[in-house]
Structure formats: C-alpha cells, structure tokens
Amino acid sequence: MRNKNKIFIWTLFDFANTSFSIVVVTFLFAVYFKNTIANGEPIGDFYWSLGTSISMIITALISPVLGAIADYSAGKKRFLLFFTALCIAATSSLFFTGPGNIFFALILFIIANIGFEAGLVFYDAFLPEITVPKNYGRVSGYGFGMGYLGSLATLGIIFPFIQSGMIKETFPVAALFFLIFAFPFFLFIKDSRKSREHSEPYYVIGITRVWATISNLKNYRNLATFLLAYFFYIEGVNTVIFFSGIYASTTLGFTETELLIFFVTVQTTAILGSVVFGILADSIGQKRTIMITLFMWIVTVVLAFFIYDKTGFYIVGLIAGAAMGSSQSTSRSLMTKLTPEEKKTEFFGFYSFFGKSSAVIGPLVFGLVSYLTGDQRTAILTVGIFFIIGMIILTKVKDPVIQQRV
C-alpha cells in the first residue's frame, strides 16, 4: 500500500474516534450528566471530575505496561482493537442512563474513556511506521485535523436529535460513527514489527521493560524534561476539554443548540490549527510551535474569566480551538522525534502515562474549586497555572530540528 493511502487510513481513525470525545467527553454527555443525571447540582461538577480522574488514573497505570508488551509482541493493532471495542460498547450503553443514575453513568463513562484513551497509546505509535521523520509534524497535524473534521461531521449528524430533544439517542449514534470509520484501519493497516520469542508471560515482560526504562530514564534526559513539561500543560488542555461544555452551559447559560454552534466553531479553528501549526512545526521546530500555542492557551483562560456574554465566548472558542489542535498534534510529533526507534510504543505508553495522569489533577482541582466556591470563573483561573508551569519547563527541552541546523 502506498504511503499516502496509509496516512489517509491512519487519519481516518482520528476522524472516527473524535465522535466519542465530542459527544461524550466535551459536549452532550458531559452536560447531560450535570443537568439531568446530577439534577443540575453544583456537586455534579465534582462527580464529573471524579469520573474523569479515575478513568485517567487507570489508563495512566496500564499504558506503559501495555506499550512495552505491544513493543515486544508486535501487538499494537490487537490492543487497539480491544480498547476500541470497549469504548464503543460502553458509549452505546450510556443510552440507558437517566436522572439519579450517577454511579451507573460514571461506571459506563469510566469504561468508555479508558477504552478511548488507552487505545490512543497504540494508535499514536503507528505514526513512525506510516511516514518519515521530516514529515512527523504535518502528518500528526493531518491526523488531528481529520479528527476535528470528524467532530464536525458528528455534530452535523446529531443536530436533528438535539432539536428533537433526543439527547440519549446521540450516544449510540456516536458509537456507531466510531465503529464505521475505524473499521478501515483494522482492515488495511498492519504492524510492521514481528513478535519476538519469549519464555515469560507478556505482563511480566511488560512490567520488567517498564522498570528498566524508568531506571535508565537518566539516559533520556531531554525526553524526560519534555514529558514533565507535557504533564503540566496537557493538564490544562484536558481540563478545558472536560469542562468547556459544562462551563458554557452553567456559567453562560448556553442552550444545547447554542453549544452545538459553539463547538462547530471550535472544531473549525482546531482543524486549521492542527494543519497550519503542523506544517509550521516542520519549519521552525516543534518546541517553538508548542510555546506559541501555550501562549494562546494563557490568553484563552484570561479572556474566559473576564467575558460574561455569549458572543465574547465565541472569540474564546476560536482561539482555544486553534490552540487545542496545534498543541496536541505538535506534542505528538515532538514525542515521536525524541523517542528511540526500538522503544516507540513503550515510550508512547509513558507519553500516555504523563498525559493521562496529568488529567487527574486539573479536572479535580477545577471540580473541587467550583464546588467549594460555587463559582466556575474562579475555577477557570486554576487552569492557567498549568500552562505557565508547562511553558517554563519546556524552555529546558532541546528541539531535535534546531540541533540539526546548528
């Protein structure tokens, strides 16, 4: 299969899985959980943050071991299939939740989110197998761009359901969308590495390799510094993703139709941000590009705090969308450049570990501050702190592209 076809099919998985993130994590189920399942009570923010944090803790703990196992067994595709099926099944089951079903809804959401997030470990690790290093930035950007295009397509499909007040029906629709467009990946993309002989169970091999990597992390100091920076700034990104819909609905009074229009706006600039900044990263370096996006995130947080009208919040959405697409795609391409070839999936497991474990603190802080103060505006300021810390640490990272030019 030609590389262009591989890249398209790889990005099609991004197109597919964002149906889950936009419908469940960011938009409809998040708002449905707060307003319907939790009856609009302030503690609904805390329950939601608890669900996101638990799912991220579990994913963070299993990702490095799964990545090491997949590296050893050449089983990325099998693991991706398992977690994709897990996410799709749990997402469709959200249809059966209703008022007061907090525990049941959280269990289903935790399972679905683990399936989604753990699957990304193996999906991301296919990047170096479908393109060459000089194109990591733009191909990663294409993937995120396709993802946000998938979000737009999903929003278009569920719009009639929202207008008819059929909110629960959108959850199985999102699951079906994920299933249909993820299928080509499993049909056409193959693992390029072959399984190695082994005498121990895979889980023992996985734990042993992870421990060895941790012990030798001092040999990958630049990579370790980047992962620490990533831990903090992706904390802010994840918190925005988990709470943007709830914030717009609760604090600014957005209706579900207005939220749909808002997220269409966000996804549009996210597509442009992913592609444009992906190309820019290949020219000026991933580190510089991420620094630009972090500055955009700080501006977004400050504006969100001071803006009280819906029109102004659309401006916030435009900047946030561009920053979101670019910061995620450029981080993935920089991670790919910093990672040794023979440990791609294992290190992407650590990349996932830092990304997912960081998503524990931010949402919990936001949910707890919102609950204690009764004011989401105060809570939104906590997000900016993570972006600032991440930016400071990122200044210590050496960009491979810049090093090659010196």
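**Surface, fold and core of the predicted model**

The accessible surface of the protein chain adds up to about 15700 Å², and 69% of it belongs to carbon and sulfur atoms. The structure is a predicted model. On that surface sits a nonpolar patch of about 200 Å², put together by Leu50, Ile54 and Ile58. Ile54 has its place in helix α3, which covers residues 43-73. With a relative accessible area of 36%, Ile54 counts as partly exposed, because that label covers values between 20% and 50%.

As for the overall fold, the protein chain has 16 helices and 0 strands. Its radius of gyration is 20 Å, close to the 22 Å that the globule rule gives for 406 residues, so the chain is as compact as a globular protein of that length. Measuring along the principal axes, the C-alpha trace spans about 55 × 45 × 40 Å. Of the contacts between residues at least 6 apart in sequence, 85% join residues at least 24 apart.

Turning to the inside, buried residues account for 58% of the 406 in the protein chain. The largest nonpolar core contains 118 residues, and the ones with the most contacts inside it are Phe29, Trp48, Phe185, Phe226, Tyr233, Trp297 and Phe313. Helix α10 (residues 221-250) gives the most to this core, chipping in 16 residues. Phe185 is worth a closer look. Leaving aside residues up to four places away in sequence, Phe185 touches Ile9, Trp10, Phe13, Lys77, Leu80, Tyr123 and Phe126.

Technical notes. Residues are numbered from 1 along each chain as its sequence is written. This is a predicted model: local features need pLDDT of at least 70, side-chain atom pairs count only at pLDDT 80 or more; totals for chains, interfaces and linings use all residues. Side-chain values use heavy atoms; hydrogens and water are left out. Patches are made of residues with over 30% relative accessible area and no salt bridge: like charges are joined within 9 Å, nonpolar side chains (Val, Leu, Ile, Met, Phe, Trp, Tyr) within 5 Å. Accessible areas come from the Shrake-Rupley method with a 1.4 Å probe; for residues, only the protein chains shown count as cover. A salt bridge is a side-chain nitrogen of Lys or Arg within 4 Å of a carboxyl oxygen of Asp or Glu. Helices (H or I, at least four residues) and strands (E, at least two) are DSSP runs, numbered from the N terminus. Buried means under 20% relative accessible area, exposed over 50%, partly exposed in between (1.4 Å probe, protein chains only). The radius of gyration is taken over C-alpha atoms; the globule rule is 2.2 Å times the number of residues to the power 0.38. Contact means heavy atoms within 4.5 Å. A nonpolar core is a set of buried Ala, Val, Leu, Ile, Met, Phe, Trp, Tyr and Cys residues joined through side-chain atoms within 4.5 Å.
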